[in-house]
Amino acid sequence: QVQLVESGGGLVQPGGSLRLSCAASGSIFSSYPMGWYRQGPGKQRDLVARVTRGDFTTYADSVKGRFTISRDNAKNNVYLQMNSLKSEDAAVYYCNSYPPLFTWGQGTQVTVSS
């Protein structure tokens, strides 16, 4: 059973940057495409970015050019570099496989406010 632990969120001003990390337990991590998802208040959880086993990446239109997803299979980690943050990026961010197959972690809160 893969366990997912997200970290790196916090309070940032508009235009600022954050780097989120996801640590996944289990040696099968590298076998799956992975994604970052987010859920804003009163909204559904949506895919933000995903990375294949071969490091091919895709992004939601709303974050394209600002966010970068990457993975380190040796460390069982997935990262999300977020630049030029906007107020609408505020949400709880989660990682999971794509499509999501594992139990969700607790996520990490991102707040964008001046």
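Let me start with the largest nonpolar core of this predicted model, which holds 26 residues, and in which Leu4, Trp36, Phe67, Leu80, Met82 and Tyr93 touch the most other members. Seven strands, namely β3, β4, β5, β7, β8, β9 and β10, the last of these spanning residues 108-112, each supply at least two residues of this core, and the largest share, four residues, comes from β3. As background, nonpolar side chains in soluble globular proteins tend to be buried together.

Staying with one of those core residues, please look at Phe67. If we set aside residues up to four places away in sequence, Phe67 touches Arg38, Val48, Tyr59, Leu80, Gln81, Met82, Asn83, Leu85, Asp89 and Tyr93. Please keep Arg38 and Asp89 from that list in mind, as I will return to both when we reach the salt bridges.

Now to the strands. Four of them form an open sheet, in the order β1-β3-β8-β7, with antiparallel pairing. The edge strands are β1, residues 4-7, and β7, residues 67-72, each of which pairs on one side only. On average, and ignoring direction, neighbouring strands of this sheet are turned by 15° against each other. Within the sheet, β1 is joined by four bridges to β3, which covers residues 18-24, and the two run antiparallel; as one example of the register, Val5 has Ala23 in β3 as its bridge partner.

Ser21 also lies in β3. Is Ser21 buried or exposed? With a relative accessibility of 19% it counts as buried, although I would point out that the cut-off for that class is under 20%, so the assignment should be read together with the number. Leaving out residues up to four places away in sequence, Ser21 touches Val5, Glu6 and Ser7, and in addition Trp36, Val78 and Tyr79.

Next, the pairing that involves β4, β5 and β6. Strand β4, residues 34-39, and strand β5, residues 46-51, pair in the antiparallel sense over five bridges, and here Trp36 has Ala49 in β5 as its bridge partner. Their hairpin has six residues between the strands, and in it Gly42 takes a positive phi near 70°. On from there, β5 pairs with β6, residues 57-59, again in the antiparallel sense, over three bridges, with Val51 standing opposite Thr57 in β6. That second hairpin has five residues between its strands, and the residue with a positive phi near 70° that I would pick out there is Asp55.

One residue of β5 that deserves a closer look is Asp46, which is partly exposed, with a relative accessible area of 35%. Apart from its neighbours within four places in sequence, Asp46 is in contact with Trp36, Tyr37 and Arg38, while its side chain makes a polar contact, at 2.9 Å, with the side chain of Gln44. The C-alpha atom of Asp46 is separated by 9.7 Å from that of Tyr94, a residue 48 places away along the chain.

That brings me to the salt bridges, of which the structure holds three. In the pair I will take up at the start, the side chains of Arg38 and Asp89 meet at 2.9 Å, N to O. Arg38 lies in strand β4 and Asp89 in the loop between β8, residues 77-82, and β9, residues 91-97, so this pair ties together parts that are 51 residues apart in sequence. Both Arg38 and Asp89 are buried, and for Asp89 the relative accessible area is 0%.

What is the other salt-bridge partner of Asp89? That partner is Arg66, with the closest N and O atoms 2.7 Å apart. Since Arg66 sits in the loop between β6 and β7, and Asp89 in the loop between β8 and β9, the pair ties together parts that are 23 residues apart in sequence. Arg66, at 10% relative accessibility, counts as buried. Taken together, Arg38, Arg66 and Asp89 are linked in a network of salt bridges.

The remaining pair is Lys64 and Asp61, whose side chains meet in a salt bridge at 3.0 Å, N to O. In this case Asp61 counts as exposed, at 65% relative accessibility, whereas Asp89 is buried.

Key: Residues numbered from 1 in each chain as written. Predicted model: local features only at pLDDT ≥ 70, side-chain atom pairs only at ≥ 80, totals over all residues. Heavy atoms only, no water. Pairing = 2+ DSSP bridges. Axes fitted to C-alpha atoms, helices over the stretch in contact; angles between N-to-C directions. Salt bridge = Lys/Arg side-chain N within 4 Å of Asp/Glu carboxyl O. Buried < 20%, exposed > 50% of the residue type's maximum accessible area, 1.4 Å probe, protein only. Contact = heavy atoms within 4.5 Å. Core = buried A, V, L, I, M, F, W, Y, C linked by side-chain atoms within 4.5 Å. Polar contact = N/O pair within 3.5 Å; in protein donor to acceptor, adjacent residues only side chain to side chain.
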